[in-house]
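User: Please give me a close look at one part of this model, the largest pocket, and then work outwards from there. I'm new to this, so please explain the terms as you go.

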Amino acid sequence: MSEQFSTEISSRICNHMNEDHADAIVLYAQAFGGLADATAAQMLAIDAQGMDLKAQVNGEAVPVRIQFDHILANAEDAHYTLIDMVKQARVQKK
């Protein structure tokens with residue numbers, strides 16, 4: 001992991017997303033992970049290149065890696081990138 005994405009930062013972001021934005025993680029799995037049938041998802045890790053999720057698809061846990069469209073500079077960049085990705089996913093879903 002890069003210095004910007006230490007284990008502690010990854011854990012903090014993942015915990016926040018899993019506790020407060022579970023619906024967004026499902027959207028990431030559906031829109032960017034190619035798992036249209038995902039009904040639930042959990043963020044396991046995040047780094048400068050992407051995020052690792054575990055999605056529930058037809059009752060099975062499916063691991064998925066989602067690459068970002070750029071290398072993240074820091075946790076603030078991750079915050080804004082994740083917000084942008086949720087907006088994109090909602091537009092795709094319409």
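Analyst: Let's start at the pocket wall: 16 residues line the largest pocket, and H16, M17, H21, H79 and I83 lie nearest its centre. A quick word on terms: on a 1 Å grid over the protein atoms alone, a pocket is an open set of points with protein on both sides within 12 Å along at least five of seven lines, and a lining residue has an atom within 4 Å of a point; a cavity, by contrast, is a set of points where a 1.4 Å probe fits but cannot get out. Keep in mind that this is a predicted model: local features need pLDDT of at least 70 and side-chain atom pairs count only at pLDDT 80 or more, while totals for chains, interfaces and linings use all residues. Residues are numbered from 1 along each chain as its sequence is written, and side-chain values use heavy atoms, with hydrogens and water left out.

The elements that give two or more residues to this lining are α1 (7-20), α2 (22-31) and α3 (75-93). Helices here are DSSP runs of H or I with at least four residues, strands are runs of E with at least two, and both are numbered from the N terminus. The top contributor is α3, with 8 residues. By type, the lining splits into 9 nonpolar, 3 polar and 4 charged residues. Ala, Val, Leu, Ile, Met, Phe, Trp, Tyr, Cys and Pro count as nonpolar, Asp, Glu, Lys and Arg as charged, and the others, Gly among them, as polar. The pocket's volume is about 310 Å³, meaning the space filled by probe spheres set on the points, which are joined across faces, edges and corners.

Now follow α2, one of those lining helices. Of its 10 residues, 7 are buried, where buried means under 20% relative accessible area, exposed over 50% and partly exposed in between (1.4 Å probe, protein chains only). The buried ones are A24, I25, V26, L27, Y28, A29 and Q30. They pack against α1, β1 (38-46), β2, β3 and α3.

Zoom in on Y28, which sits in α2. Its relative accessible area is just 1%, so Y28 counts as buried. Contact means heavy atoms within 4.5 Å. Setting aside neighbours within four places in sequence, Y28 contacts M17, G33, M43, M51, L53, I66, L82, I83, M85 and V86. Two names there are familiar: M17 and I83 are among the residues nearest the pocket centre.

Over in α3 you'll find T81. At 7% relative accessibility, T81 is buried too. Not counting residues up to four places away in sequence, T81 touches F68, H70 and L72.

For contrast, look at N58, in the loop between β2 (50-57) and β3 (60-67). N58 is exposed, at 64% relative accessible area. Its phi is near 50 degrees, a positive value in a residue other than glycine. Most residues other than glycine have a negative phi.

Finally, step back. The protein has 3 helices and 3 strands, in the order α-α-β-β-β-α along the sequence. Of its 94 residues, 38% count as buried. The C-alpha trace spans about 35 × 25 × 20 Å along its principal axes.
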